[in-house]
Amino acid sequence: MTFRRAIPFAIALLFWAAGPLLAQGASLPFAGLPAGEAQDVEVSADTLRVNQADESAIFEGNVQVAVGDLRLTAARVEVVYAAEAGKIAALRASGNVLLSNGAETAEGDSAVYSLVDGQILMEGSVILTQGQSALSGERLRIDLVAGTALVEGRVQTIFRTEGN
C-alpha cells in the first residue's frame, strides 16, 4: 500500500478507534439548556448600575445568575437587552466566571451567553469538567440549538472510563 493510499485508511482507523472513547468520556456540555429570550433570568449581586441613556444594566460583586438549570457566577455581569422592551438578549460575564448545571462545570475568564440564539462562548483558560473527565482550552463554544461544542486553543483532556 502506498503512503498516499494509507492516509485515508489511517484517518478512518483513528475515527473508528476514537468513537467509543469519546462516547464514554465526554458529552455535549450543558446539553438540554433552553434557548430563547423568553426565559426568566434571576440575578443577585452586591451592586447594580443602570444607565437609562444607553439602556445598560451592570451587576458587580459576587454576581449569581440563574437561567433555568444554568447557574453562572462572576465578578461582573452586563445584561444586553433585546430590541423588544423588557427582554434580555445576552449576558456578558467577566472575572472568575463559573457556569454549572449540576452535572458539569466550566470555568474561564469571561463568557457570553446569548439567550436569543442559544450560543455560549467562554474564553480565557477554560476548564470543563464532566463527572471525572476534564477538558481544557482557551475557548469553549457551545451551540445549544444545534447540539454542538467546540474547544479551541491548545486543547488538553483526561478521559476517565469505567473502573478508573
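Arg141 is partly exposed, with 37% of its relative area accessible. Keep in mind that this is a predicted model. The partner to look for is Glu152, which is also partly exposed, at a relative accessible area of 23%. Their side chains come together in a salt bridge, with N and O 2.8 Å apart. Trace the chain and you'll see that this pair links distant parts: Arg141 sits in strand β8 and Glu152 in strand β9 (residues 148–152), 11 residues apart.

How many salt bridges are there by this rule? The count comes to five. Here are three of them, including the one you just met.

| Salt bridge | N to O distance |
|---|---|
| Glu152 and Arg141 | 2.8 Å |
| Glu60 and Arg49 | 3.5 Å |
| Arg76 and Glu60 | 3.6 Å |

Notice that Glu60 turns up in two rows: with Arg49 and with Arg76. Arg49, Glu60 and Arg76 are in fact linked in a network of salt bridges.

So which strands does this trio connect? Take the salt bridge between Glu60 and Arg49. Glu60 belongs to strand β3 and Arg49 to strand β2 (residues 47–51), so their pairing ties together parts 11 residues apart in sequence. Now go to the salt bridge between Arg76 and Glu60. Arg76 is in strand β4 and Glu60 in strand β3, so here the parts being tied together are 16 residues apart in sequence.

Are these residues buried or exposed? Each sits in between. Glu60 is partly exposed at 26% relative accessible area, Arg76 is partly exposed at 27%, and Arg49 counts as partly exposed at 46%.

Next, the nonpolar side of the story. In soluble globular proteins, nonpolar side chains tend to be buried together. In this model, the largest nonpolar core has 26 residues, and the members that touch the most others are Val65, Leu72, Val77, Leu91, Leu99, Tyr113 and Met122. Which elements give two or more residues to this core? They are β3 (56–67), β4 (70–81), β5 (88–100), β6 (104–114), β7 (119–130) and β8 (133–143).

Val77 is a good residue to click on. Leaving aside neighbours within four places in sequence, Val77 is in contact with Ala57, Ile58, Phe59, Val63, Val65, Leu72, Leu91, Arg92 and Ala93. Among these contacts are Val65, Leu72 and Leu91, which you've already seen listed with Val77 as core members touching the most others.

Conventions:
Residues numbered from 1 in each chain as written. Predicted model: local features only at pLDDT ≥ 70, side-chain atom pairs only at ≥ 80, totals over all residues. Heavy atoms only, no water. Core = buried A, V, L, I, M, F, W, Y, C linked by side-chain atoms within 4.5 Å. Buried < 20%, exposed > 50% of the residue type's maximum accessible area, 1.4 Å probe, protein only. Helix = DSSP H or I, 4+ residues; strand = E, 2+ residues; numbered from the N terminus. Contact = heavy atoms within 4.5 Å. Salt bridge = Lys/Arg side-chain N within 4 Å of Asp/Glu carboxyl O.
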